[in-house]
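Colleague: Could you take me slowly through one part of this model, the place where the chain turns from one helix into the next, and show me how the pieces there fit together? I am new to reading structures, so please connect each step to the one before.

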Amino acid sequence: MDIKNMKNYLYWLFCQFELITCSYLMEPWEKVLFYTFNITMLFMVLYTAYIYVPTHISMAFQFCLHLFGNQHENAVSIVK
């Protein structure tokens, strides 16, 4: 895919986004506020997922191992 087609495709996606959110009806200052809010929320969700999801997956995996009887040894018994 060449650069011109990619540029046209991204522009088409942006136009679709504006149609779906009706942001094409907004004034420029309203668009700035709207896009700033949306981008901020997106980054907050991505950051939260990056920080908390691996921890929750690890805890769920340890819980499943505990249910099936494969208990995790503590560090003291490994040293002895």
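Modeller: Let me begin with the stretch of residues 32–53, which in this predicted model is 100% helix and 0% strand, with its end C-alpha atoms 31 Å apart. For these residues, 32–53, an unreviewed UniProt entry lists the feature "transmembrane region", and that label comes from the record and was not computed from the atoms. The chain as a whole has 3 helices and 0 strands, and from the N terminus on its elements run α-α-α. Of the 80 residues in the chain, buried ones make up 4%, which is worth keeping in mind when we come to individual residues.

Now to the part you asked about, the meeting of H1 and H2. Two packed helices are described by the angle between their axes and the distance between the axes. Here H1 and H2 pack at an angle of about 100°, and their axes are 14 Å apart. An angle from 65 to 115 degrees counts as roughly perpendicular, and H1 and H2 are therefore roughly perpendicular to each other. On the H1 side the contact is made by Phe14, Phe17, Glu18 and Thr21, and on the H2 side by Lys31, Phe34 and Tyr35.

Several of those names return when we look at the aromatic rings. A search of the whole structure finds 4 aromatic pairs. One of them joins Phe17 and Tyr35, whose rings are tilted, with 6.1 Å from centre to centre and 35° between the planes. Phe17 lies in helix H1 (residues 3–21) and Tyr35 in helix H2 (residues 28–67), so this pair ties together parts that are 18 residues apart in sequence. Tyr35 also pairs with Phe34, again in a tilted arrangement, at 5.6 Å centre to centre and with 55° between the planes. Ring pairs link Phe14, Phe17, Phe34 and Tyr35 into a cluster. Being in the cluster does not hide a ring from the outside: Phe17 is partly exposed, with a relative accessible area of 35%, and Phe34 is partly exposed as well, at 22%.

Beside the rings, consider Glu18, which is placed in helix H1. Glu18 is buried, because its relative accessible area is 11% and the cut-off for buried is under 20%. Leaving aside neighbours within four places in sequence, Glu18 is in contact with Ser23, Tyr24, Lys31 and Tyr35. Ser23 has its place in the loop between H1 and H2 and is buried, with a relative accessible area of 0%. With the neighbours within four places again left aside, Ser23 is in contact with Glu18, Lys31, Phe34 and Tyr35. If you read the two contact lists side by side, you will find Lys31 and Tyr35 both for Glu18 and for Ser23, and Lys31 and Tyr35 also belong to the H2 side of the helix contact.

The loop between H1 and H2 holds Cys22 too. Most residues other than glycine have a negative phi. Cys22, however, has a positive phi of about 60° although it is not a glycine. Cys22 is partly exposed, with a relative accessible area of 39%, and Cys64 is likewise partly exposed, at 37%. A disulfide is a covalent bond between the sulfur atoms of two cysteines, and the structure holds 0 disulfides.

Notes. Residues numbered from 1 in each chain as written. Predicted model: local features only at pLDDT ≥ 70, side-chain atom pairs only at ≥ 80, totals over all residues. Heavy atoms only, no water. Phe/Tyr/Trp six-rings, centres within 6.5 Å; stacked < 30°, edge-to-face > 60°. Helix = DSSP H or I, 4+ residues; strand = E, 2+ residues; numbered from the N terminus. Buried < 20%, exposed > 50% of the residue type's maximum accessible area, 1.4 Å probe, protein only. Disulfide = S-S within 2.5 Å. UniProt positions renumbered as here; feature names shortened; annotations may be inferred. Contact = heavy atoms within 4.5 Å. Axes fitted to C-alpha atoms, helices over the stretch in contact; angles between N-to-C directions. Parallel < 35°, antiparallel > 145°, perpendicular 65-115°, else oblique.
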